[in-house]
Amino acid sequence: MERTSTSMLLAAAAVRQARRDGDAAVQANARLARACLRGCGAPGRRLLFALDHAPGRWLLAALEAAYLPGIGAHYAWRKRHIRRWALQACADGARQVVVLGAGFDGLALALLAQAPELRAFEIERERAVAIKRAALREIGAEDPRLSLIAADLAHTPAAMALRAAPGFDPAAKTVVIAEGVLMYLSPEELQRLLRGLAATLADARLIATAMALRADATPGFARQRPWVQRWLRRAGEPFRWGASRACLPALLHAADVRLERVADPQAPADPDPSPGEWVFAGSLLRAPAP
Ligand SMILES: C[S@@+](CC[C@H](N)C(=O)[O-])C[C@H]1O[C@@H](n2cnc3c(N)ncnc32)[C@H](O)[C@@H]1O
């Protein structure tokens, strides 16, 4: 039986957000999310049906409250930060964007729309890439500057996959984005991935997320119910690691990343509606090839 995946839940959250937020980028993201959900078989179509009917939306809101209160608003919060920082990196001269585990998200397209010189490379699992390719075709949003690369980040060195992609330039100033994906890799896979990118890219910033640790030292959101972990395991997407705020710099440094900023989940003007995931930015430290 086909299962609902976290990338489908993110796409559903994008569609929900677009009902309240008329921002052009949010609307474009939702259009892509809808087309991707249509390509996700029965679970995607069920989600879309629920999103398009009031009782379905009520049910989805009740499920969110029962599993992880505030997660939809947390996604919007994290995407706001990542989009702002990524736009800043482009304004600061980035010529390439690499999005790891992009899922059905439209950030790369949004950045391409703002920066005519930019090229974008997304690395995702094969099935999600096939669905996204078809969705981009369906909504007429294909862009020759966007390359979708099918690869499993746990097994294929990202640097190798990128080098094989036409137009990729390791010397170009690059922003690497890893939103909601690093926690699915083992700590060893994480180190290999980031160190490989640091050794390949001459000048790169990293914008990414990492799970925090809960009171019981397991990675996860502060308000997640016990059945969330079970659901993630059944979906084949358990959180494999997390870090306290104090340990995050050293953990990243061991992977050749210098941590430079972390979004404040308690910022009085814009607090994280469901804390438990660090949104951070830093630089990849050029290192000898592993
Ligand atoms: C929670 S979704 C996040 C999607 C998107 N980054 C966002 O934040 O909207 C996680 C994504 O990471 C991808 N992913 C997880 N493990 C991966 C791996 N080993 N290789 C490639 N992609 C992976 C999944 O397929 C999924 O699309």
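Let's start with a single residue: Asp105 is buried, because its relative accessible area is 16% and the limit for that label is under 20%. Keep in mind as we go that this is a predicted model.

Who does Asp105 pair up with? Its partner is Lys79, and the two form a salt bridge in which the closest N and O atoms are 3.0 Å apart. This pair ties together distant parts of the chain, since Lys79 belongs to helix H5 while Asp105 is in the loop between strand E1 (96-100) and H6, 26 residues apart. Is Lys79 buried or exposed? With 18% relative accessibility, Lys79 counts as buried. As a bit of background, side chains of opposite charge can pair when their charged atoms come close.

Now let's look at some other pairs. A search of the whole structure turns up 14 salt bridges. One of them joins Arg145 to Asp143, with the closest N and O atoms 3.0 Å apart. Asp143 has a relative accessible area of 18%, so Asp143 is buried.

Another pair brings Glu260 and Arg205 together, their side chains meeting in a salt bridge at 2.8 Å, N to O. Here, too, distant parts of the chain are linked: Glu260 sits in strand E6 (residues 257-262) and Arg205 in strand E5 (residues 204-211), 55 residues apart. Glu260 is partly exposed, with a relative accessible area of 37%, and Arg205 also counts as partly exposed, at 28% relative accessibility. Some salt bridges share partners, and in this way Arg78, Lys79, Asp105, Glu179 and Glu277 are joined into one network. You've already met two of its members, Lys79 and Asp105.

Next, let's hunt for empty space. How many cavities of 30 Å³ or more does a search of the whole structure find? The count is 1. The largest cavity has a volume of about 30 Å³, and its lining is made up of Gly103, Glu122, Glu124, Ala128, Val129, Lys132 and Leu148. Strand E2 (119-124) and helix H7 (126-138) each bring at least two residues to this lining, with H7 giving the largest share, 3 residues. Sort the lining by class and you get 3 nonpolar, 1 polar and 3 charged residues.

There are pockets to explore as well. The second largest pocket holds about 580 Å³ of space. It is lined by 30 residues, and the closest to its centre are Ala25, Val26, Asn29, Arg83 and Ala110. Which helices should you look at? Helix H2 (24-38), helix H5 (71-91) and helix H6 (107-114) each supply at least two residues of that lining. H5 is a helix you've seen before, as the home of Lys79. By class, the lining of this pocket has 15 nonpolar, 4 polar and 11 charged residues.

Finally, let's turn to the surface. Trp58, Leu59, Leu63, Tyr67 and Trp227 make a nonpolar patch of about 530 Å². Which helix gives the most to this patch? That would be helix H4 (residues 54-67), with 4 residues. Leu63 is a nice one to pick out on your screen: you'll find Leu63 in helix H4. Leu63 counts as partly exposed because its relative accessible area is 40%, and that label covers values from 20% up to 50%.

Note on methods: Residues are numbered from 1 along each chain as its sequence is written. This is a predicted model: local features need pLDDT of at least 70, side-chain atom pairs count only at pLDDT 80 or more; totals for chains, interfaces and linings use all residues. Side-chain values use heavy atoms; hydrogens and water are left out. On a 1 Å grid over the protein atoms alone, a cavity is a set of points where a 1.4 Å probe fits but cannot get out, and a pocket is an open set with protein on both sides within 12 Å along at least five of seven lines; lining residues have an atom within 4 Å of a point. Grid points are joined across faces, edges and corners, and a volume is the space filled by probe spheres set on the points. Ala, Val, Leu, Ile, Met, Phe, Trp, Tyr, Cys and Pro count as nonpolar, Asp, Glu, Lys and Arg as charged, and the others, Gly among them, as polar. Patches are made of residues with over 30% relative accessible area and no salt bridge: like charges are joined within 9 Å, nonpolar side chains (Val, Leu, Ile, Met, Phe, Trp, Tyr) within 5 Å. Accessible areas come from the Shrake-Rupley method with a 1.4 Å probe; for residues, only the protein chains shown count as cover. A salt bridge is a side-chain nitrogen of Lys or Arg within 4 Å of a carboxyl oxygen of Asp or Glu. Buried means under 20% relative accessible area, exposed over 50%, partly exposed in between (1.4 Å probe, protein chains only).
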